[in-house]
Amino acid sequence: MNESMNESPALFDPNARPSLVGKTRAQLAEALAAIGVPERERRMRVGQLWHWIYYQGSTSFDVMLNVSKALRAKLAETYTLERPQVVAAQLSLDGTRKWLIRLPPVDAKDKGAEIECVYIPESDRGTLCISSQVGCTLTCTFCHTGTQKLVRNLTAQEIVQQLIVARDMLGDFPGLERPEDGGLIPVGEGVRPVSNIVFMGMGEPLYNFDEVNDAIGVLTDGEGLSLSKRRITVSTSGVVPQIAPLGETSGTMLAISLHATNDELRNKLVPLNKKYPLKELLDACRTYPGAANSRRITFEYVMLKGVNDSPKEARELVRMLKGIPAKINLIPFNPWPGAQYECSDWETIETFSDIVFNAGYASPVRTPRGRDILAACGQLKSETEKLRARARLALDDEA
Ligand code: SAH
Ligand code: SF4
């Protein structure tokens with residue numbers, strides 16, 4: 001299934017009412033202060049809004065019956081509960097869904113940045129892969145996002161809104177009013193709610209630390225979205241100075257994009273390694289606050305044919321992770337047009353994975369999901385842009 005929704009570019013509207021959806025408690029308190037709610041009332045009012053926005057998923061202030069009519073009117077005059085627009089929705093044969101989300105423009109030059117968000121249902125969980133930036137400043141040579149310039153950091157609000165959109169689309173809010181026409185929402189029996197979040201979409205989350213951290217606060221707030229910290233994984237290419245602060249402040253799970261067992265190769269694959277080499281990275285993992293056997297650090301390792309996939313490297317990988325409570329995740333390389341790498345052969349991956357398995361790491365190969373809709377790691381956004389450009393060309397040809 002491939003459904004395009006609104007293709008017209010977003011226009012900046014300086015008079016647009018801001019949406020409260022995705023705001024932190026502190027930001028909601030500010031929004032209330034701005035419309036004259038006295039300080040002594042604000043905490044209580046924030047609690048009420050919180051319940052309606054994040055627990056019920058309300059899209060209108062009218063339903064907030066425990067809020068006085070006058071305040072509801074004032075809120076509606078000044079703010080909205082709008083979500084960013086979903087401009088395309090795709091469903092893979094394996095149940096993976098991908099949504100292209102257009103963020104409202106921040107100024108007149110901005111036509112509305114677009115980010116993609118991928119939902120992956122499995123038998124025991126529903127995982128949402130979200131983005132922390134539009135594009136990425138880093139230039140990992142196997143990653144398609146790495147070929148794009150950074151457009152900007154996402155705000156905490158925009159990060160949280162990715163989950164809100166997913167829950168809307170999955171029909172997973174008790175207070176959600178369904179659109180009259182049923183829209184594109186494929187709600188049905190057996191749709192697995194989002195239980196896990198991985199920061200593995202576009203961008204380097206630890207280069208947008210404060211916003212990511214605030215977003216995690218909203219996602220895990222027990223009176224609203226209530227996700228468990230242990231079910232949120234922040235993946236980093238190795239921004240060493242931010243690793244300990246992440247553990248201390250957010251308490252989420254950590255994933256490291258390792259991909260190589262020596263500095264020479266990692267410098268090529270993940271150029272950030274030149275700044276923070278392997279020894280420093282692994283030391284930061286060894287001392288990661290909260291790391292334990294019950295809370296292992298995931299090491300991601302992309303399988304690149306003839307580059308990093310020899311049995312020697314598998315043994316080296318196991319050796320270098322000794323003493324760190326670790327999980328190993330072997331990711332078959334997802335090719336993209338113009339990439340200089342190929343995915344390792346299946347046999348090579350098996351041999352590599354056997355060595356890792358025999359060293360005591362369980363089931364380490366990540367099955368690629370949503371490949372038919374280009375939803376796999378490292379393929380986000382840019383591919384859709386290409387497809388859309390192609391579609392536009394085709395339309396131009398017809399004209
Ligand atoms: N910037 C962060 C998080 C986003 S990338 C990071 O690098 O960790 C999420 C994961 O996808 C990373 O492990 C990244 O190395 C991997 N990845 C990127 N491009 C890929 C590709 N083409 N095939 C397979 N995995 C890829
Ligand atoms: Fe950025 Fe991560 Fe891609 Fe590297 S792998 S370019 S850090 S998104």
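**Close-up 1. His-259 and Glu-300 at ligand 1 in the predicted model.** The side chain of His-259 places an N or O atom 2.6 Å from an oxygen atom of ligand 1. Glu-300 also takes part through its side chain. Here an N or O atom is 3.0 Å from an oxygen atom of the ligand.

**Close-up 2. Asn-334 and the burial of ligand 1.** At Asn-334 the backbone is involved: one of its polar atoms is 2.9 Å from a nitrogen atom of ligand 1. Taken alone, ligand 1 exposes 540 Å². The protein buries 96% of that area.

**Close-up 3. The shell around ligand 1.** The ligand has 21 residues around it. Those that come nearest are Gly-203, Ser-235, Ser-257, His-259 and Asn-334. By class, 10 shell residues are nonpolar, 9 are polar and 2 are charged.

**Close-up 4. Ligand 1 between two domains.** Domain 2 (83–253 + 375–399) gives residues to the shell, and domain 3 (258–368) does too. Ligand 1 therefore lies between them.

**Close-up 5. Thr-127 in strand 5.** Strand 5 spans residues 125–129 and includes Thr-127. Thr-127 has a relative accessible area of 8%. The cut-off for buried is under 20%, so Thr-127 counts as buried. Leaving aside residues up to four places away in sequence, Thr-127 touches Val-118, Tyr-119, Ile-120 and Glu-122. Asn-196 and Val-198 are also touched by Thr-127.

Methods:
Residues are numbered from 1 along each chain as its sequence is written. Chains are lettered from A and ligands numbered from 1 in the order in which they are written. This is a predicted model: local features need pLDDT of at least 70, side-chain atom pairs count only at pLDDT 80 or more; totals for chains, interfaces and linings use all residues. Side-chain values use heavy atoms; hydrogens and water are left out. A residue is near a molecule or strand if one of its heavy atoms lies within 4 Å of it. A polar contact is a pair of N or O atoms within 3.5 Å; within protein, one must be able to donate a hydrogen and the other to accept it, and residues adjacent in sequence count only if both atoms are side-chain atoms. Accessible areas come from the Shrake-Rupley method with a 1.4 Å probe; for residues, only the protein chains shown count as cover. Ala, Val, Leu, Ile, Met, Phe, Trp, Tyr, Cys and Pro count as nonpolar, Asp, Glu, Lys and Arg as charged, and the others, Gly among them, as polar. Domain bounds come from an automatic or database domain assignment. Helices (H or I, at least four residues) and strands (E, at least two) are DSSP runs, numbered from the N terminus. Buried means under 20% relative accessible area, exposed over 50%, partly exposed in between (1.4 Å probe, protein chains only). Contact means heavy atoms within 4.5 Å.
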